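Me: I am new to this structure. Please walk me through it, and tell me how each label is earned.

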Amino acid sequence: MPIRILPPALAAQIAAGEVIERPVSVVKELVENSIDAGASQITVEIRGGGVEYIRVVDDGVGVPAEEVPLSFQRHATSKLDSPDQLDHVATMGFRGEALPSIAAVSHVTIQTRPHGETAGFRMALRWGEPLESGSEGCAPGTTLEVAELFGNQPARRKFLRSAQSETARVQELVSSYALAFPEVRFRLLNDGRASLTTPGNDQPREAVLAVYGSQIAENMLEIHAEDPDTGYAVEGFAAAPSVSRANRTYMTFFVNRRLIQSRMLSFAVEEAYAGLLQTKRYPVTAINLVIPYDEVDVNSHPAKREVRFHNDNRVFSLTQRAVRAALVANSPVPSLAAPSNGFSSFGNFPSSSRASGVVFPASSGGGAKAPDIAGASGAEALSLLGRPAVPLRVVGQLKMTYIVAEGPEGMYLVDQHAAHERVVFDRLLKRREEMVPASQPLLSPVSVELTPSHATTLQENLEAIATYGFQLEPFGERTYLLRAVPSILAPDEPGKALIDILDMATLEGLTRQKEDVMAASIACHAAIRAGQSLTEPEMSALLEQLERTPNPHTCPHGRPTMVHFSSYHVEREFGRR
Ligand code: ADP
Ligand code: MG
């Protein structure tokens, strides 16, 4: 066959294939146009999964009558007019491809009336060919109707799923936009029935409530983090781990409120939830990244589903930290989930975040003074005697690793290492705030030789590490003289302790603030280990110390310090309920 230029209708169909894959692609493009038009109300109606019929009605600025035919030409847009604007795209659309692509594969009717005009304009097209047009009375705004989608492309139509599954995609999409644009009132009608209505009152939490219902909405934690130096910010919601899902579709991401898919962002969020969800469970989040327009390339995917970031690392770590911070600040006690096969399924969180108040109810009024584990040094730390009045009663020790305790709400397993880590960590931060590093001089200085990566970590954290009680002097290229250690550490093998701590700090350094890294690493090193046998007074003292920390339910790395087995579940396991 000789080379020929494709007939325009066929070329248009091929090009449309990239933009319009299925009904939800049409809805996405139309909703984005309505948003760009400044609409405050957007109604989406579909029938037969959108294959039969789609209608999107908005009250946005409308299109002047004389521009309507042009809007169906390929590469016709009112949103860009010079190449340099492509670096600062603030609108959802900019490619000028949606309307012609939709028209090429369906029957389209547009009715539109700019505010201030007395009459509107109507135009109908069939497989991209204009049929009829003329003025028509209609409300200000724009209505697009799309019927017979892929009627001229039987192959494409065959690839569609059931109406039900195409409907589900449309519902997900409209829900996502409703979350990102709480100031817009969204309505979705499916086969005549309202399936979503948002208030459009600019209250993000009410949009969440409308989309997800009260059970999830109540467990949604607000995320907010910004970096004023760079203009980056992360905002949105992340669900408490009690409302996990079995797949990733509930992780929704926006960049400057543009709905996108990003494996990197999913990964950042999953990292933030590390240790809080069981394997194969995924979080529910709706996260918007605010990024300077010129630091994100939106023109990298025909359906605008993906973007490229100029600084992947910054995006990743800001997102991960923002979500983690929200989770740690609100972490409840993990609780035994309704067990199907005995106790093997614990690790879930209770369904209400109010559970964080459950563990230490009796103690808030003070009571007998507990021995100060964290303040004592090294091996001496746990040899304290005296039974504090703890609200959790120690029952025993399991595998020399977990403290078994009883509380008002049932049984608790406390990870002794994680719990002590939390106690030491908080004590270190407090001492730093009070500017009293508790330092313990060594009888004779010890020289420590570091690997290049440890040396770098040390140099970067020299100040932080001094604030916690280390005294170090450079002694050759990568050798240091250690003169004092934090009094929280056992003074034997101080060099090894320093290297251990640098090891941990190097691993963690990417995701935390510098001072916290050092404190977390020192705490981890100083804390009692798993496998260490504890006496009952030691265990009680530890629980009492833990209770006094502001975040008793997670260790400084964010892992849970305790797991809760509610009386209800225990009784149910024994058939008493
Ligand atoms: P793009 O959104 O990339 O500009 P489209 O093909 O989606 O391209 O739309 C073409 C043009 O039609 C838009 O630039 C806009 O001027 C106009 N338009 C489309 N939909 C609407 C709408 N709902 N309200 C107002 N104008 C619209
Ligand atoms: Mg568009």
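Me: How much accessible surface does the chain have, and what share belongs to carbon and sulfur atoms?

Reply: The accessible surface comes to about 27,200 Å². Carbon and sulfur atoms hold 51% of it. Such areas come from the Shrake-Rupley method with a 1.4 Å probe, and for residues only the protein chains shown count as cover.

Me: What kind of model is this, and how is it labelled?

Reply: It is a predicted model: local features need pLDDT of at least 70, side-chain atom pairs count only at pLDDT 80 or more, and totals for chains, interfaces and linings use all residues. Residues are numbered from 1 along each chain as its sequence is written, chains are lettered from A and ligands numbered from 1 in the order in which they are written, and side-chain values use heavy atoms, with hydrogens and water left out.

Me: How many helices and strands are there, and what makes a stretch count as one?

Reply: The chain has 16 helices and 22 strands. Each is a DSSP run, numbered from the N terminus: H or I over at least four residues for a helix, E over at least two for a strand.

Me: What share of the chain counts as buried?

Reply: Of the 577 residues, 49% do. Buried means under 20% relative accessible area, exposed over 50%, and partly exposed in between, with a 1.4 Å probe and protein chains only.

Me: What share of the contacts joins residues 24 or more positions apart?

Reply: They account for 68% of the contacts with a separation of 6 or more. A contact means heavy atoms within 4.5 Å.

Me: Why is Ser25 called buried?

Reply: Its relative accessible area is 12%. The cut-off is under 20%, so Ser25 qualifies. Ser25 sits in helix α2 (residues 23-36). Beyond residues up to four places away in sequence, Ser25 touches Val19 and Ile20.

Me: What makes the link from Ser25 to Glu21 a polar contact?

Reply: The Ser25 side chain reaches the backbone nitrogen of Glu21 at 3.0 Å. A polar contact is a pair of N or O atoms within 3.5 Å; within protein, one must be able to donate a hydrogen and the other to accept it, and residues adjacent in sequence count only if both atoms are side-chain atoms. The distance is therefore inside the limit.

Me: Lysine is a charged residue by definition. Why does Lys304 count as buried?

Reply: Lys304 has 4% relative accessibility, so it falls under the cut-off. Lys304 lies in the loop between β14 and β15. Its side chain makes a polar contact with the side chain of Glu29 at 3.0 Å. Lys304 also touches Met92, Phe94 and Arg258, among others.

Me: Which residue in that loop has a relative accessible area of 8%?

Reply: Val298, and it is buried. Val298 lies between β14 (296-297) and β15 (308-309). Its C-alpha is 9.5 Å from that of Phe94, 204 residues apart along the chain. Val298 is in contact with residues including Val89, Phe94 and Arg258.

Me: How do you know that α6 has the expected span?

Reply: Helix α6 (residues 163-180) has 18 residues. The expected span is 1.5 Å times one less than the number of residues. That gives 26 Å, and the end C-alpha atoms are 26 Å apart, so the two agree.

Me: Why is α15 called largely enclosed?

Reply: Because 10 of its 12 residues are buried. Among them are Met539, Leu542 and Leu546. The buried residues pack against β16 (393-398), β17 (402-407), β18 (410-415), α10 (416-433) and β22 (562-566). Helix α15 (residues 536-547) reaches 17 Å, close to the 16 Å expected.

Me: Is His553 buried or exposed?

Reply: Buried, because its relative accessible area is 5%. His553 lies in the loop between α15 and β22.

Me: What surrounds ligand 1?

Reply: A shell of 19 residues, with Asn33, Thr77, Ser78, Lys79 and Gly96 the closest. A residue is near if one of its heavy atoms lies within 4 Å. Helix α4 (residues 98-104) gives the largest share, three residues.

Me: Which polar contacts does ligand 1 make?

Reply: A ligand nitrogen is 2.9 Å from a side-chain N or O atom of Asp58. A ligand oxygen is 2.7 Å from a side-chain N or O atom of Lys79. A backbone N or O atom of Ala98 lies 3.2 Å from a ligand oxygen. The protein covers 93% of the 530 Å² of accessible area that ligand 1 has on its own.
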